[in-house]
Amino acid sequence: MLDPDRGLSLTIARVVQRLQGSSLHSQLERQARVSLHKPEIKLESLKEDIKDFLKTSGWEKKLQNAVYSELNMFPFPCHPAAPPEHIKEPLAYMRKAQGSWEKRILKSLNSMCTELNIPLAQKRPVNEQKELLNKWNEMGTDEPDLSLFRPVYAPKDFLEVLMNLRNPNYENGEQPSFRNHLGLIQVPLKVKDIPELKEDFSELGLNIGQLGIDDSAQVPPELFENEHVRVGQKVLAEQDSAAAQQYVRQGCPTALRADLWALILNISNQPEDILYYEQLKSNVIQHDLLVDSLIYKDVKLTASNDDYYFVFEDYLYQVLLCFSRDTSVLEHFTYSSATPPKSYIRVAPLCFLYHEPSKLYQIFREMYVRFFFRLHSISSHPSGIVSLCLLFETLLQTHLPQLFYHLREIGAQPLRISFKWMVRAFSGYLATDQLLLLWDRILGYNSLEILAVLAAAVFAFRAVNLMEVTSLAAAEAVLADLSTLKVMPLLQIFLFATVT
């Protein structure tokens with residue numbers, strides 16, 4: 001066990017080390033040197049005067065936001081003697097399972113290369129480079145023949161892998177409490193119950209104003225919304241990341257969402273960020289990767305056919321193609337059980353908020369390395385997909401046992417239906433306004449657990465109809481369309497009106 005004081009010292013040292021290599025550090029040094037020429041800076045009180053200058057000029061707030069961002073993003077330090085792989089994932093059987101899954105994906109990619117006789121990467125001919133550069137903002141008009149390219153895996157393939165996970169320590173004598181779990185996930189991880197979730201998500205309580213609730217008995221919606229907008233504008237004026245994160249727990253006003261999310265994620269779209277994006281774009285222009293064709297196919301099969309997202313097709317190509325070249329993402333894998341990422345279409349909803357490609361790119365990258373990577377890698381993290389699946393099943397089995405057993409008996413295990421919602425963070429299933437309200441809370445609570453709670457709440461909402469079905473296909477039909485659902489009432493009722 002790591003001593004609390006020792007843990008704090010390690011955390012401070014890690015944050016300092018990371019910030020020393022950042023552009024913010026060089027900017028702070030530059031500003032401190034500039035301040036030396038100001039008349040109010042006295043030699044006898046140099047240290048305090050420079051501190052005051054950085055505070056009044058707004059640089060102290062930028063430093064606080066950077067520190068807060070680091071603390072939100074990275075795990076608490078392990079014991080100094082712990083091996084590096086424990087930082088990635090403390091449980092050996094989880095590390096082994098993730099390694100096997102990655103080998104399977106790599107084998108699939110290599111087989112595709114062999115079958116199609118194409119390399120994983122190659123330099124584009126000059127004429128192709130010019131052509132791509134000219135149509136950069138209208139890549140959606142391209143119709144390449146992608147019939148020979150197949151998806152690397154489907155959600156159901158990943159679910160099968162998670163269903164087969166076992167902790168070897170419990171093979172011959174499982175924990176008594178875990179033996180009663182009748183779901184598909186059979187690993188003994190600690191997940192929260194309703195009282196713990198109520199405490200964690202207390203701001204979602206029935207007596208607290210929320211954006212996304214049309215008929216609160218406590219506060220008239222228009223009165224709450226007007227006051228909430230006023231407070232949101234004040235939070236933005238203060239430029240305080242921690243305050244912004246607390247604020248969005250009650251939802252973001254549409255007009256303020258883009259700026260509030262950027263503040264929480266500590267993204268300011270500086271000139272060097274725009275330049276970095278342009279460098280990534282240049283890499284896309286110059287080199288053709290196998291994954292480019294997979295991204296094209298992914299977008300064509302999903303966003304191009306989506307009533308909400310088809311208009312953003314060009315943005316999606318730009319962001320995902322650049323993301324596949326971004327080596328800065330690699331450092332994040334020091335703290336993840338996974339190795340470098342595959343492409344996912346969850347960038348699409350962000351297109352509603354950000355219209356500058358460089359800022360859209362930064363927001364997506366930050367959302368990915370903070371949250372979304374956990375939805376397709378195997379780990380024991382509370383926001384990891386394994387824990388979310390277990391939390392979902394536990395909530396249903398505990399609070400809707402009759403429904404859970406009925407669906408299980410007819411061969412319609414609930415997780416087989418809800419898995420695709422969670423692994424995609426409900427993107428493509430909810431109406432966009434509802435999806436953004438849900439993601440407000442992901443950012444506000446710095447957790448993906450709300451995905452599992454919402455999935456359970458959807459089953460609770462459709463419980464009467466589900467009790468009448470007699471097959472998996474019929475259950476899927478009942479839950480086929482989530483586009484009319486209102487997220488916040490579902491969450492509130494499930495969390496705060498459920499008898500525990």
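A residue counts as buried under 20% relative accessible area, as exposed over 50% and as partly exposed in between, with a 1.4 Å probe and protein chains only; by that criterion, 49% of the 500 residues of the protein are buried. What you have open is a predicted model, in which local features need pLDDT of at least 70 and side-chain atom pairs count only at pLDDT 80 or more, while totals for chains, interfaces and linings use all residues. Residues are numbered from 1 along each chain as its sequence is written, and side-chain values use heavy atoms, with hydrogens and water left out.

Begin with the whole chain, coloured by secondary structure: the protein has 25 helices and 2 strands, taken as DSSP runs numbered from the N terminus (helices H or I with at least four residues, strands E with at least two). Among the contacts (heavy atoms within 4.5 Å) with a separation of 6 or more, 77% join residues 24 or more positions apart.

Next, select residues 313-323, which form helix α16, a mostly covered helix with 9 of its 11 residues buried. Its buried residues are Glu-313, Leu-316, Tyr-317, Gln-318, Val-319, Leu-320, Leu-321, Cys-322 and Phe-323. To see what covers them, add α14 (271-286), α15 (290-301) and α17 (357-370), which are included in that cover.

While α15 is displayed, pick Val-291, which is found in this helix and is partly exposed, at a relative accessible area of 26%. A C-alpha to C-alpha distance drawn from Val-291 to Val-152 should read 10.0 Å, although the two are 139 residues apart in sequence.

Move on to α20 (residues 414-423) and α22 (residues 449-461), whose axes come within 10 Å and cross at roughly 130°. The axes are lines fitted to C-alpha atoms over the stretch in contact, and angles run from 0 to 180 degrees between N-to-C directions. The two helices are therefore oblique to each other, the class left after roughly parallel (under 35 degrees), roughly antiparallel (over 145) and roughly perpendicular (65 to 115). Show side chains for Pro-414, Ile-417, Ser-418, Trp-421 and Met-422 of α20, and for Leu-451, Ala-452, Ala-455, Val-458 and Phe-459 of α22, since these residues make the contact.

Finally, centre on Asp-440, which lies in helix α21 (residues 432-445) and is buried, with a relative accessible area of 0%. Leaving aside residues up to four places away in sequence, Asp-440 touches Val-248, Gly-251, Cys-252, Arg-257 and Trp-261.
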